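Open the model in your viewer and keep the selection tool at hand. The tour goes from stop to stop, and at each one you are told what to select and what is there.

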Amino acid sequence: MINQDTIPFPDELEHLKHTLKIIDKALEAAGEDVLRLDREYREAKRYMAEYRHEMDSHEKLQNERLLDQTDRTGVFAAEVRNKMEKLKESPYFARIDFVSDGEEEADTFYIGRFGFMHDNENLIFDWRAPVSGMFYDFGLGRAGFEAPVGWIEGELTRKRQFKIQNGVMEYAIESSANVQDEVLQKELAHTSDEKMKSIISTIQREQNAIIRNEKANTLMIQGVAGSGKTSIALHRIAFLLYRFKKQITAEGVTILSPNKVFADYISGVIPELGEEPICEMRLYDVASYALKGIIAFESEKNPLENEDEAWAKRAKFKSNLAFVMLLDQYIDNISERVFSAKDYTCQGHVVSAAWINGRFKTYKKIPVKKRLALVALDIREQLRSLICKKNL
């Protein structure tokens with residue numbers, strides 16, 4: 001179904017109709033693949049169970065490999081089917097027309113959550129693809145993008161933005177800027193939900209620069225509360241997983257969340273962008289793993305649901321500035337608590353306790369164990385110096 005009364009571009013209605021037909025066929029084929037592979041897997045498993053005692057070790061190994069391959073192929077087919085289902089709901093959200101320098105006709109690029117090829121032609125480009133970056137970074141006029149063959153420059157001659165939901169085009173707007181304010185306002189008006197959503201259709205130029213930054217090894221995103229820091233960070237993760245898919249996988253990424261409520265709130269963004277779910281951990285989880293068998297500590301408690309008055313009193317004290325000052329004071333005096341220097345004598349030469357203690361305090365910003373190793377090296381050098389002076 002297409003809303004023909006409110007869309008000013010008949011060509012876009014026809015294109016959406018054509019695209020949905022192709023996606024429907026692809027979805028049907030993907031569904032058939034899933035059913036076929038599921039049937040093959042069950043048949044192979046049943047065959048192995050019935051004839052396992054009659055197989056030699058080589059035949060067992062071959063059948064196990066076949067079963068494993070069928071299983072992996074089935075998982076991939078299910079992922080394709082799921083992607084097709086999402087594409088059917090909302091195939092794309094933008095269109096750009098671009099004329100490369102030296103060419104006469106413009107190429108049209110439709111941009112969506114996922115890329116989609118049909119008859120060896122890109123029908124929809126992934127929002128993270130290099131060419132899609134022009135939608136976020138340029139208005140009409142001179143533009144360019146970094147292709148595998150190098151920088152390609154030309155003219156951006158058309159930009160349109162769409163809202164397609166459940167296969168219905170709700171609006172289509174001609175745009176000359178990167179993301180038109182009208183679109184941004186429409187999207188922000190529908191953001192109240194218990195889960196964070198993707199913002200690929202409303203990413204601003206400055207945000208896009210953060211998301212696509214490939215030069216910074218460590219990137220810190222700063223901003224006031226509600227400015228979109230978390231959302232941009234999640235979209236950056238999705239971009240890096242797409243851009244460096246051979247080097248980075250979802251299993252190699254962890255999000256450190258302040259609490260379970262926050263983790264649940266952001267949990268749907270990465271899968272919505274077409275990537276596998278990302279592992280999320282709280283500080284408590286990190287501490288439990290890193291300090292297991294070393295130190296015991298209390299698990300997290302909800303201060304609003306806890307009736308332990310003594311615990312609540314301790315928690316309140318630990319949440320104020322006075323407690324922080326006590327910790328700083330403890331750290332400043334920790335060397336006097338854990339280390340007591342004595343004179344060190346070697347071959348008649350003495351390194352005084354005062355000198356040793358002074359060296360220990362010099363390294364006060366370094367962990368105690370590392371300090372001891374550095375002080376030991378300093379004592380050795382001091383003894384060498386004393387011995388050399390005596391020999392002179």
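Select Arg-359 in this predicted model. Arg-359 is partly exposed, because its relative accessible area is 25%, which falls between the limits of 20% and 50%. Now add Asp-378 to the selection: the two side chains meet in a salt bridge, 3.1 Å from N to O. Arg-359 belongs to helix H12 (residues 353–362) and Asp-378 to helix H13 (residues 368–391), so this pair ties together parts that are 19 residues apart in sequence. Is Asp-378 buried or exposed? Asp-378 has a relative accessible area of 17% and is buried, since buried means under 20%.

Next, go to helix H1 (residues 10–51) and select Asp-38 and Arg-42. Their side chains form a salt bridge of 3.1 Å, N to O. The two residues are four apart in the helix, which means that about one helical turn separates them. Arg-42 is partly exposed at 44% relative accessibility, and Asp-38 is partly exposed as well, at 38%.

For another salt bridge, select Asp-126 and Arg-128, whose side chains meet at 2.9 Å, N to O. Both of these residues are buried.

How many salt bridges does the count come to? The count comes to 22 salt bridges. Some residues are linked in a network of them: select Asp-11, Glu-12, Arg-95, Asp-97, Arg-158, Arg-160 and Glu-174 together to show it.

Glu-174 leads on to the strands. Select strand E7 (residues 168–174): five of its seven residues are buried, so the strand is largely enclosed by the rest of the structure. Then add strand E6 (residues 150–165), which runs antiparallel to E7 and is joined to it by six bridges. One place to look is Gln-165, whose bridge partner in E7 is Val-168. E6 and E7 make a hairpin with two residues between the strands, and Asn-166 there takes a positive phi near 55 degrees.

Move to strand E4 (residues 121–126), and show strand E3 (residues 116–118) with it. These two strands pair in the antiparallel sense over three bridges. Which residue in E4 is the bridge partner of Phe-116? The partner is Ile-124. E3 and E4 also form a hairpin with two residues between them. Select Asp-119 in the turn, which has a positive phi of about 55 degrees.

Keep E4 on screen and add strand E2, which pairs with E4 in the parallel sense over two bridges. Here Ile-111 has Phe-125 in E4 as its bridge partner.

The last stop is the loop between strand E1 (94–100) and strand E2 (107–112), where Glu-104 has its place. Is Glu-104 buried or exposed? Glu-104 is exposed, because its relative accessible area is 79%, and exposed means over 50%. Add Glu-103, Glu-105 and Asp-107 to the selection: together with Glu-104 they gather in a patch of negative charge on the surface.

To look back over the tour, return to two of the salt bridges. The bridge of Arg-359 and Asp-378 joins residues in helices H12 and H13, whereas Arg-42 and Asp-38 both lie in helix H1.

Definitions and conventions: Residues are numbered from 1 along each chain as its sequence is written. This is a predicted model: local features need pLDDT of at least 70, side-chain atom pairs count only at pLDDT 80 or more; totals for chains, interfaces and linings use all residues. Side-chain values use heavy atoms; hydrogens and water are left out. Patches are made of residues with over 30% relative accessible area and no salt bridge: like charges are joined within 9 Å, nonpolar side chains (Val, Leu, Ile, Met, Phe, Trp, Tyr) within 5 Å. Accessible areas come from the Shrake-Rupley method with a 1.4 Å probe; for residues, only the protein chains shown count as cover. A salt bridge is a side-chain nitrogen of Lys or Arg within 4 Å of a carboxyl oxygen of Asp or Glu. Lys and Arg count as positive and Asp and Glu as negative; His and the chain ends are not counted. The place of a charge is taken as NZ of Lys, CZ of Arg, CG of Asp or CD of Glu. Buried means under 20% relative accessible area, exposed over 50%, partly exposed in between (1.4 Å probe, protein chains only). Two strands pair if DSSP finds at least two bridges between them.
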